[in-house]
Amino acid sequence: MSLTDSLASLKRARVWPSSTPTSKIDGPLVRRIMMELSRISSRSFKEIVQNIPLLKHFPSAFSHTLEDQAMSAEREPSQPSRDDFEKADSSKEQDLLANIADFDDPNIDHENAFVGILEDDSPYPEVRSAVPNTDDPTIPASTLRTWVMGLVWAVILSGLNQFFFFRYPSVGVSGFVAVLISLPIGRAWAAVVPNWRILGLSLNPGPFTIKEHVLLTIMATVGAGSAYATDIVAVQRVYYNQTYNFSYQWMLVTSTQLLGFSLGGILRRFLVQPPSMIWPTNLVTCALFNTLHSVSYAGIGTHGGISRERFFLYAWAAGMCWYFLPGYLFQGLSYFSWVCWIAPNNIVVNQLFGYVSGLGMSLITFDWAQITYIGSPLATPWWAEANIAVGFVTIFWVLAPILYYTNTWYSAYLPMSTRISYDNTGNTYNVTQIINADASLNLAAYEQYSPLFLSMTFAISYGLSFASITATLTHALLYFRKQIWVQSRRSMSEQTDVHARLMSKYKQVPGWWYGIIFVSMVVFGIIVIEVWHTEFPVWAFFLALVIAFVYVVPIGMIQAITNQQVGLNVITELIIGYALPGRPIAMMMFKTWGYITMVQALNFASDFKLGHYMKIPPRSMFWGQVVATIIAGTVQLGVQAWMFTNIPDICSPIQKNGFICPNTEVFGTASIIWGVIGPMRVFSSGQIYNVLTYFFLVGVICPVIAYLIHLKWPDSIIRYVNFPVIFSGTGSIPPASAVNYVPWAIVGFIFQYHIRRRHISWWTKYNYVLSAAMDSGLAVSIVIIFFVLQYPQNGTIGLTTVQTWWGNTVFLKTADGQALPYKPLPASGTFGPTTW
């Protein structure tokens with residue numbers, strides 16, 4: 001009997017696992033399968049190993065284990081029994097898992113990993129459910145249709161998002177809009193446009209393919225959001241009266257964007273190629289594309305019920321329609337702080353149960369936008385969500401109230417949780433009172449005015465940021481050092497992953513391509529800071545790049561397995577504030593090149609992984625990303641220049657059309673606080689928040705303790721504890737609040753723990769499709785509400801009706817909504833130290 005027939009026989013006999021990951025595949029069962037295959041096919045174990053896909057790609061572990069058993073069996077006069085196999089040493093099976101991830105990966109399901117291995121698929125059920133394990137290299141990706149649609153979307157999304165970036169209320173046109181609208185346009189193109197050739201390029205290469213769809217979407221979204229550096233240009237113009245020419249602006253924006261791209265490309269062997277770098281958010285996107293194009297594959301499983309396409313349509317329509325309630329008609333469903341509605345004037349109750357300025361113990365929201373503010377709970381692994389939930393409860397529900405109600409750092413005179421800074425009268429800190437005409441610090445005015453005060457959650461968030469910085473490096477050194485070393489020497493074709501092997505068939509992008517871009521962008525950066533007056537030395541520019549380079553691999557690995565990113569914004573502000581005090585422009589540039597370079601590198605690495613999963617030719621990806629990034633940045637600068645030239649009173653609080661530039665105001669204020677006042681007047685010895693610097697030490701100690709416990713008890717729950725995620729997972733507070741964390745964790749528990757464990761076949765088929773449907777339905781609904789109901793007539797539609805009824809104002813008419821402090825001001829009218 002052939003091996004193919006033997007495998008079919010075992011499946012019918014339920015000895016071989018089905019294509020769904022419901023089967024429990026452990027070492028003994030694998031050996032039993034090998035024994036049965038040998039018996040019914042009359043083949044040696046060595047022949048079986050050599051003919052089952054993927055097994056032969058594990059020569060150091062699985063194959064040798066089976067071949068050793070085969071030779072041992074063939075030396076015996078009789079066929080080995082199942083008991084003989086049960087007694088075999090299982091240590092080499094752990095070597096097999098070690099080939100998948102060169103660290104103790106919490107995402108590895110030891111019971112189900114062999115399902116993917118034996119069926120030549122990913123060992124991760126999450127990946128199997130969203131990504132096919134096959135590829136057709138003949139499917140076109142980089143066509144004229146792709147480039148036309150991709151670049152048109154790059155212009156539209158970047159231009160629209162930049163235009164509304166300066167407006168309040170604002171709207172963001174997400175990539176989901178481009179994904180959904182591109183599908184009918186692409187199919188109409190295939191049906192209507194004649195198949196002519198222009199300069200050797202076909203106007204209509206045939207049916208609109210999934211690879212075209214993926215590539216044009218990547219091009220559309222790679223620069224869709226406002227480039228961080230455009231805020232430097234805006235702040236220079238609004239706060240410091242510096243308006244430099246377009247060459248300066250273009251080189252600044254392009255350098256900050258493409259430095260990250262080149263860094264991500266250079267490090268793709270660490271962040272993209274290993275199978276353990278799953279990038280959970282991409283699985284939602286893959287499920288969306290495969291559903292829209294009706295792609296069927298084994299990883300979906302055999303669960304009955306409606307098709308994934310019909311399920312997506314129903315969920316998308318429901319999500320789009322539902323958002324009209326919490327997003328416009330009944331906003332109390334979004335901030336569902338029902339306990340505060342019962343006792344609206346009780347300050348303690350509102351601080352504990354409120355969602356606007358409280359700690360969110362009300363637990364519930366009915367707004368998918370609030371739930372997914374920090375990422376989809378249906379994409380993040382449950383163990384990572386549990387780390388964040390435990391960290392949130394411990395820090396913000398236990399530690400924060402204790403510190404707040406004992407008036408630590410004079411915090412009881414301020415609201416519990418806000419995103420602004422205060423003076424010693426409890427009012428918003430007025431930076432204009434402490435600066436000279438040239439934006440330098442007026443020390444006498446500062447000493448006469450007030451030190452800087454932060455709300456309790458804001459202050460704690462700085463300590464957590466400090467801890468996450470040191471915890472990330474410590475965690476990477478302890479857990480990831482082997483993986484980093486192995487991947488530095490492993491080529492694409494040597495990856496123990498079907499997707500890497502499929503991608504190895506395509507021409508790869510040479511490293512020197514990324515090197516040329518990196519060097520070019522470094523030159524752009526030096527020109528910017530040397531030709532124009534920035535007060536930013538070249539050595540600081542290179543220091544910023546070193547920080548980004550040191551952190552991008554450990555932070556990228558954490559994000560790739562947990563869906564959570566550690567931020568460098570605070571540490572870059574701290575370093576430059578101490579190194580170059582009194583230079584706000586230098587502070588903004590250092591933060592951008594140090595922090596945003598890393599963020600961009602990880603964004604591009606995520607796109608690389610999406611292309612990896614969807615089998616987009618790497619060189620097509622390279623050129624699509626580079627060209628689209630340059631065009632998007634140029635469009636954003638053009639839109640911004642037009643707005644500052646043609647919109648009266650832009651960035652003024654009295655601008656009649658709402659173009660008050662809220663993000664620019666925050667960025668400009670931060671440049672003054674960190675670049676003018678400086679961290680030495682906030683965190684140095686003798687200052688109010690000096691104790692927060694000890695969090696650096698906490699970040700070093702905690703991963704070491706967890707690692708030592710893990711060495712002693714490797715199979716205990718400690719293997720799931722990840723301190724960088726605990727410290728950084730709540731890093732979005734502020735501007736995020738408890739409403740974005742508590743319901744997120746509850747939904748994550750339901751889908752990623754309960755349903756995944758109890759109803760794995762349903763989860764495999766529908767989980768990521770549901771996330772994609774809800775996200776894209778929300779994106780469309782937000783756009784419709786904004787352009788139809790909020791933007792026209794300067795937001796006066798329903799001003800005296802729907803906007804003012806109880807359901808849209810109840811959560812604002814409470815102590816929580818008004819952000820009231822626990823303690824009233826002293827009789828003197830001020831609080832805090834008498835000298836500073």
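T256 touches A229, T592, W593, T597 and Q600, leaving out residues up to four places away in sequence. The model is a predicted one. T256 sits in helix α13, which covers residues 246–266. Is T256 buried or exposed? Its relative accessibility is 0%, so T256 counts as buried; the cut-off for that term is under 20%. One of its partners lies far along the chain. T256 and T597 are 341 residues apart in sequence, yet their C-alpha atoms are 6.1 Å apart in space.

Another partner of T256 is W593. W593 leads on to the nonpolar core. The largest such core has 207 residues. Within this core, F536, M589 and W593 have the most contacts. Which helix gives the most to this core? Helix α28, residues 584–614, does, with 19 residues. In soluble globular proteins, nonpolar side chains tend to be buried together.

Take F536 as a way into that core. Setting aside neighbours within four places in sequence, F536 is in contact with I529, F541, I576, A586, M589, F590 and W593. Two of these contacts, M589 and W593, are themselves among the residues with the most contacts in the core. A second core stands separate from this one and has 16 residues. F163, V171, M643 and I650 are among its members.

Next come the cysteines. How many disulfides does the model have? The count comes to 1. C651 and C661 form it, with their sulfur atoms 2.0 Å apart. The angle about the S-S bond is -80°, and the link is left-handed. Both C651 and C661 lie in the loop between α29 (618–646) and α30 (662–677), so the bond ties together parts that are 10 residues apart in sequence. C651 and C661 are both buried. A disulfide is a covalent bond between the sulfur atoms of two cysteines.

Other cysteines are buried too. C286 has 0% relative accessibility, so C286 counts as buried. Why does C702 count as buried? C702 has 18% relative accessibility, and the cut-off is under 20%, so C702 falls on the buried side.

The last stop is the empty space inside the model. A search of the whole structure finds 9 cavities of 30 Å³ or more. The largest cavity holds about 170 Å³ of space. Its lining has 14 residues. R268, M503, Q508, F608 and P618 lie nearest the centre of this cavity. α28 and α29 each supply at least two residues of the lining. α28 gives the most, with 3 residues. That helix is also the one that gives the most to the largest nonpolar core. By class, the lining of the largest cavity has 9 nonpolar, 4 polar and 1 charged residues.

The second largest cavity has a volume of about 100 Å³. Which residues are closest to its centre? They are D104, P106, H475, Y479 and R719, out of 13 residues that line this cavity. Helix α23, residues 456–487, gives the most to this lining, with 3 residues. Here the classes come to 8 nonpolar, 3 polar and 2 charged residues.

Note on methods:
Residues are numbered from 1 along each chain as its sequence is written. This is a predicted model: local features need pLDDT of at least 70, side-chain atom pairs count only at pLDDT 80 or more; totals for chains, interfaces and linings use all residues. Side-chain values use heavy atoms; hydrogens and water are left out. A nonpolar core is a set of buried Ala, Val, Leu, Ile, Met, Phe, Trp, Tyr and Cys residues joined through side-chain atoms within 4.5 Å. Buried means under 20% relative accessible area, exposed over 50%, partly exposed in between (1.4 Å probe, protein chains only). Helices (H or I, at least four residues) and strands (E, at least two) are DSSP runs, numbered from the N terminus. Contact means heavy atoms within 4.5 Å. A disulfide is a pair of cysteine sulfur atoms within 2.5 Å. On a 1 Å grid over the protein atoms alone, a cavity is a set of points where a 1.4 Å probe fits but cannot get out, and a pocket is an open set with protein on both sides within 12 Å along at least five of seven lines; lining residues have an atom within 4 Å of a point. Grid points are joined across faces, edges and corners, and a volume is the space filled by probe spheres set on the points. Ala, Val, Leu, Ile, Met, Phe, Trp, Tyr, Cys and Pro count as nonpolar, Asp, Glu, Lys and Arg as charged, and the others, Gly among them, as polar.
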